[in-house]
Amino acid sequence: MNSPVNSPVKDVPPAAATVGSQGVPAPGTAVAPPRRGGRHLGPVALVVAGGLSVQFGSAVAVLLMPRAGALGVVTLRLVLAAVVLLAVCRPKVRGYSRADWGTVVAFGTAMAGMNILFYQAADRIPLGAAVTLEVLGPLILSVVASRRVANLLWAGLALGGVVLLSGGGFDRLDPVGAAFALAAGAMWAAYIVFSARTGRRFPQADGLALAMAFGAVLSLPLGIAEAGDKLLVPSTVLLGLGVALMSSVLPYTLELLALRRLPAPTFAILMSLEPAIAAAAGFLILSQALSVVDALAIALVIAASMGAVRTQVRAAKQAT
């Protein structure tokens with residue numbers, strides 16, 4: 001995934017739209033685009049690639065749940081992802097303020113909460129439905145964060161697609177699973193905001209590595225309590241490493257980089273692609289078939305996401 005952005009979208013000069021040496025856009029701020037139009041697709045491609053990775057990784061995680069349980073899978077995912085990121089990034093732990101560490105703790109808590117709640121949902125309801133409910137969090141974030149009429153319209157269209165993908169209602173689903181998915185959506189919104197803040201305060205992916213480690217520590221007792229020594233079975237660990245790379249290391253790194261170049265409201269609306277990707281992953285890996293209505297819903301969500309990106313590019317041009 002995946003923090004709330006409560007400030008209105010502002011058109012500001014490029015110098016005012018960045019913070020510190022990282023050049024990170026403040027959440028809710030429209031950033032002037034690079035002079036070459038082709039580069040507009042850079043952060044968008046990062047978000048889409050991250051979505052593909054995380055949802056197909058989630059489908060693999062569902063296959064792993066019978067071995068280690070939902071909490072066990074979360075623990076494997078976060079612990080192994082933290083090990084990989086710490087080894088690659090080797091983040092320093094000195095020279096940061098209390099506010100910096102507070103951001104890392106909040107980001108790590110959001111990541112752990114989002115994953116724990118989502119896997120509890122995916123263990124009870126189909127993957128596409130779980131992500132459909134979860135994505136309501138980023139959608140609400142985009143509406144709250146932006147006062148542009150166009151963004152509200154695109155968010156509304158995406159929400160229509162989400163509702164259509166649900167089949168017009170969620171009463172057919174396990175209510176506990178649906179509640180977990182909705183709660184995961186709230187944590188996803190928090191993840192978006194604190195990911196952006198972490199990217200501003202820490203170089204490269206150092207903040208992500210530290211936050212992942214904190215999230216892993218939070219999840220570890222829960223995973224051990226549910227799965228015990230099943231977490232040490234070599235084949236389970238190997239599959240868990242695959243889930244960690246696909247669902248955490250790669251997508252979170254790509255999203256953090258994207259949030260340095262996209263305002264949080266646009267990023268949140270792009271998250272509307274997640275139900276479509278999840279439905280495809282569920283079909284290809286878990287044999288969860290797509291209906292004609294599902295395909296129409298996916299088309300609406302994709303159209304809304306494309307419209308949001310075009311609106312952002314146009315707003316950024318006007319800001320220069």
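The following legends describe close-up views of a predicted model.

**View 1. Confidence along the chain.** The chain has a mean pLDDT of 78, and 80% of its residues reach 70 or more. Over residues 1–40, pLDDT stays under 50. For this stretch the model has 108 contacts beyond four places in sequence. Where pLDDT is low, the predicted coordinates should not be read in detail.

**View 2. The salt bridge between arginine 201 and aspartate 100.** The structure holds one salt bridge. Its partners are arginine 201 and aspartate 100, whose closest N and O atoms are 2.7 Å apart. The pair links distant parts of the chain, with the two positions 101 residues apart in numbering. Arginine 201 belongs to helix α6 (residues 175–201), whereas aspartate 100 belongs to helix α2 (residues 98–122). The two partners may also be described by their accessibility. Aspartate 100 has a relative accessible area of 10% and is therefore buried, since the limit for that class is under 20%. Arginine 201, at 38% relative accessibility, counts as partly exposed.

**View 3. The largest nonpolar core.** This core comprises 82 residues. Tyr119, Tyr191, Leu208 and Met212 are the members that touch the most other members. Helix α1 (residues 41–89) gives the most to the core, contributing 19 residues.

**View 4. The surroundings of leucine 208.** Leucine 208 is one of the core residues that touch the most other members. Its neighbours within four places in sequence are left aside in this view. Beyond them, leucine 208 is in contact with Leu85, Phe107, Met111 and Thr198. The remaining contacts of leucine 208 are with Tyr252, Thr253 and Leu256.

**View 5. Arginine 90, a residue with positive phi.** Arginine 90 is located in the loop between α1 and α2. Its phi is near 45 degrees, a positive value in a residue other than glycine. Most residues other than glycine have a negative phi. With a relative accessible area of 71%, arginine 90 is exposed, because that class begins over 50%.

**View 6. Glutamine 204, a residue with positive phi.** The loop between α6 and α7 (206–227) contains glutamine 204. The phi of glutamine 204 is near 50 degrees, and this positive value again occurs in a residue other than glycine. Glutamine 204 has a relative accessible area of 55% and is exposed.

How values were computed:
Residues numbered from 1 in each chain as written. Predicted model: local features only at pLDDT ≥ 70, side-chain atom pairs only at ≥ 80, totals over all residues. Heavy atoms only, no water. Salt bridge = Lys/Arg side-chain N within 4 Å of Asp/Glu carboxyl O. Helix = DSSP H or I, 4+ residues; strand = E, 2+ residues; numbered from the N terminus. Buried < 20%, exposed > 50% of the residue type's maximum accessible area, 1.4 Å probe, protein only. Core = buried A, V, L, I, M, F, W, Y, C linked by side-chain atoms within 4.5 Å. Contact = heavy atoms within 4.5 Å. pLDDT = per-residue confidence, 0-100.
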